[in-house]
Protein chains: 2
Amino acid sequence: MGKKCIGVDVGGTSVKLGLFQITGELLKKWEIPTRKEEQGKYIIGDVADSIRQVLAGEIAGESISFKDIAGVGMGVPGPVMPDGYVEVCVNLGWKDKYPARELSDALEGVPVGCGNDANVAALGEMWQGGGKGHSDIVMITLGTGVGGGVIMDEKIVTGRHGLAGEVGHIHVREDETEHCNCGGVGCLEQVASATGIAREARRKMAGSHTPSVLRQAGDQVTAKDVLDAAKEGDALALEVMEVVGHYLGMALASLALTVDPEMFVIGGGVSKAGQYLIEVINRHYAHFMPISENRATIGLAKLGNDAGIYGAARLVLD
Amino acid sequence: MGKKCIGVDVGGTSVKLGLFQITGELLKKWEIPTRKEEQGKYIIGDVADSIRQVLAGEIAGESISFKDIAGVGMGVPGPVMPDGYVEVCVNLGWKDKYPARELSDALEGVPVGCGNDANVAALGEMWQGGGKGHSDIVMITLGTGVGGGVIMDEKIVTGRHGLAGEVGHIHVREDETEHCNCGGVGCLEQVASATGIAREARRKMAGSHTPSVLRQAGDQVTAKDVLDAAKEGDALALEVMEVVGHYLGMALASLALTVDPEMFVIGGGVSKAGQYLIEVINRHYAHFMPISENRATIGLAKLGNDAGIYGAARLVLD
């Protein structure tokens, strides 16, 4: 087996790539644009060409033989079936594809693995990030939406229909009235994503006369504004975070009572709020877990946008 | 490896035992009382003695050598850590025990496995019951309480603190005011157990003047009364089942978005209501899963009270 591996994180705008030692050291990372034209038919070829060019000698003037590459892993923005089948990736234009097989064919048969990007990021955080040293984690990514990944025994739980780890669409909020993108009403994503936190702040501003620094931003308020203000003790921002924490705590408890991981890793843009956010979530999570104090801990993700390439690289090391 | 195996289901009143072919055929089942005195110190010895007696020749006059026994599995009413450690089994009086190790020592070193009884029952249903032919199922047992078990890749998901599959304590009901046994408020068990269904019926009777056959039973109303009446179209019973179905559907959707099994298996006394119950749950589950129609199906358990001995026997066949 080769001593190096490559992780590929295919996004709607760019493809991130990383060359790793199989021990987890990132040797080089680079990026190429995602060519989405003609149903994204050029993406796999572009990835293969880019990997070839890098292996041909751009690191310290030395070329790397394909024989040194244990494999290539790839995260894609859509559900991936256990056999590697991708029915659809809306953001890439892909339909009815086996991306891993295609990339392997384009790279002289090197082993290629493929997974959903949120799941793959979770694997990356387990390997070299906030979950390092653990084998069973659940990652929750609080970004524009809410994504997740369940890792058990150092492997992604894909599920039978590619739905495992779709924690953003767990129903938590009974008094919600607006619809989520998924068609549901009251999904975790509607209240705990950056978008959801900002929306909750707008609602609270509209629904009260509580003075708040957030009123300066008005309808342009962001999740970052809310978290910054909450840390400063702003009453309205604190109210917003009580709502967010309530539903996040509820969802984490539900996950703990289903798969009972060693730890939860919280990532995504919202997690930049750091330890304050963890404390809010932890308090509500404890409230929903009176059954036992011996339970999964909660911590921050560490790899940021690199989680995808780390996890993709880790995909092929089993 | 032996061609037969033994499953032991240790309950608070009696211990059920079964002798199986490793292919899943139940050859003999029997029961012994659970001696709980002195912190349940006699239970393991009683089980060992009983197994010895049966192997000594009670089946068709033929004795069975220990060499023919691939192993003995045991389900116990409490959390079991991945290493077999049992901190406490309230119903048995056990504390700080490794029951599998003890039973193995008492049976000349035969391999013994141990798991939580609800998890073990789920494994049994996967092996020879409602989930036969599947490798990834979640079982929900609607009895006096609500229990569950998550099976992935034909193995029990125990979790890191023995909490996996504790689905009865997932928080679902925000407007609940009474406390659950676990200390929480609004657990699935409070509304979907036999006890919970009867309580909901009492609440609905007290809160309305809707005529109903349930009013004959009054405070003695049972979950069976409610389900029988709902099948006959009784308006109040149907209202109760809408509430029960709502929260069960919500919990199943949450589970599907976490581990995404092939199917859910519904067992326990309440499941004797049969296909009617499945239809109620399915309708609400679909409502909470707009994200995809390609999702886990829902079916009935088939082994009844024997699920525990089947699953225990299956425990040792890996």
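**Exercise 1.** State how much area chain A and chain B bury between them in this predicted model, and describe the chemical character of that area.

*Solution.* Begin with the area itself: chain A and chain B bury about 3300 Å² between them, and 62% of this lies on carbon and sulfur atoms. Then turn to the residues, where 42 residues of chain A are in contact with 42 residues of chain B.

**Exercise 2.** Count the salt bridges and the residue pairs in polar contact between the two chains, and then work out which elements of chain A supply its side of the interface.

*Solution.* First, the count of salt bridges between chain A and chain B is four. One pair to inspect is A:R160 with B:E262, whose closest N and O atoms are 3.7 Å apart, a distance that meets the 4 Å cut-off for a salt bridge. Next, 21 residue pairs are in polar contact between chain A and chain B, with both residues at pLDDT 80 or more. On the side of chain A that touches chain B, the elements giving two or more residues are β9 (146–152) and α9 (235–256) of chain A, and α9(A) provides the largest share, with six residues. Finally, sorting the residues of this side by type gives 20 nonpolar, 15 polar and seven charged.

**Exercise 3.** Describe how strands β5 and β6 of chain A pair, and examine the turn that joins them.

*Solution.* Strand β5 (residues 86–89) and strand β6 (residues 94–97) of chain A pair in the antiparallel sense over three bridges. Within this pairing, A:V88 stands opposite A:K95 of β6(A). The hairpin has four residues between the strands, and A:G93 takes a positive phi near 85° there.

Conventions. Residues numbered from 1 in each chain as written. Chains lettered and ligands numbered in written order. Predicted model: local features only at pLDDT ≥ 70, side-chain atom pairs only at ≥ 80, totals over all residues. Heavy atoms only, no water. Pairing = 2+ DSSP bridges. Contact = heavy atoms within 4.5 Å. Buried area = accessible area lost by both parts, 1.4 Å probe. Salt bridge = Lys/Arg side-chain N within 4 Å of Asp/Glu carboxyl O. Polar contact = N/O pair within 3.5 Å; in protein donor to acceptor, adjacent residues only side chain to side chain. Nonpolar A, V, L, I, M, F, W, Y, C, P; charged D, E, K, R; others polar.
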